[in-house]
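Me: Hi! Could we go through this protein together? I'd like to begin with how its inside is packed.

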Amino acid sequence: YGSHNSASARMAERERELESLDEDYSLPIDSRPDQYIDVSRCEMATMDKPIPSSNLGFQMLLKMGWKGLGNGLGGGGGMYDPIPLTSKEMIDLDSRVGVGRVEEENWQHQVATEKRNTLESEIQANESDERRQKREEFVIREQLIKTEVQEIVKLFYCDVCDKQYTTDGQFQEHLNSYDHHHKKRFRDFQKEQKAMRGGPSQEERARKEARR
């Protein structure tokens, strides 16, 4: 029970320390940026120069038990220097992609281009009788399906408006539209006018021309 209280006290103390850091580096909740951040006085971190003691990461490491410069992590027996970047990894970073991405893309390109894709004509020239029979059956089946679809789609053709639709929903929506009813009434009106004049209708003239 006593060790539990001690751990809770240490955790509470660490929370207070982190809160004090937040107060130093945080902005008000209603803060709105009104200008670009001035980075002229900022110093870029490098692998050759250790971070200064004023760095936030430096201070957080101290709070987590690090003893400072000259000592490794984990009680002094761990790593002292950061993991260095090789020249190849630096090239990857300069190309603005993730580390190792260039090598992966080069490998994918090599695998994709090391062997040319076989043409369909080459496959058919060396195919077996069984494969040729399956291919011909597939072509016949696809052609039958295409013919059936064309016959079904013919039902969705409006001869009044000379428009073809692919689904029953589209066709029914067109039949109920103002445009279709307007053209239908106009065509009926034309037929009535021609019947009153006694002259042959356009359909009759077309049939006569077809007989000739």
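**Core, cysteines and overall layout**

Reply: Happy to! This is a predicted model, and its largest nonpolar core is made up of 6 residues: Phe-156, Cys-158, Val-160, Cys-161, Tyr-165 and Phe-171.

Me: What does Phe-156 touch, leaving aside its neighbours within four places in sequence?

Reply: Phe-156 is in contact with Lys-163, Gln-164, Tyr-165, Thr-166, Thr-167, Asp-168 and Phe-171.

Me: And the two cysteines in that core, are they buried or exposed?

Reply: Cys-158 counts as buried because its relative accessibility is 2%. Cys-161 is buried too, with a relative accessible area of 8%.

Me: How many disulfides are there, then?

Reply: The count is 0. Cys-158 is in no disulfide, and its nearest cysteine sulfur belongs to Cys-161.

Me: Why no bond between Cys-161 and Cys-158?

Reply: Their sulfurs are 3.9 Å apart, which is too far for a bond, because a disulfide needs the pair to be within 2.5 Å.

Me: Changing topic: how many helices and strands does the protein chain have?

Reply: There are 9 helices and 2 strands. Going from the N terminus, the order is α-α-α-α-α-α-β-β-α-α-α.

Me: What share of the protein chain is buried?

Reply: Of its 212 residues, 8% are buried. The accessible surface is about 19,000 Å², with 54% of that belonging to carbon and sulfur atoms.

Me: And what about contacts between residues at least 24 apart?

Reply: They make up 16% of the contacts between residues at least 6 apart in sequence.

Technical notes:
Residues numbered from 1 in each chain as written. Predicted model: local features only at pLDDT ≥ 70, side-chain atom pairs only at ≥ 80, totals over all residues. Heavy atoms only, no water. Core = buried A, V, L, I, M, F, W, Y, C linked by side-chain atoms within 4.5 Å. Buried < 20%, exposed > 50% of the residue type's maximum accessible area, 1.4 Å probe, protein only. Contact = heavy atoms within 4.5 Å. Helix = DSSP H or I, 4+ residues; strand = E, 2+ residues; numbered from the N terminus. Areas by Shrake-Rupley, 256 points an atom, 1.4 Å probe, with all protein chains shown as cover.
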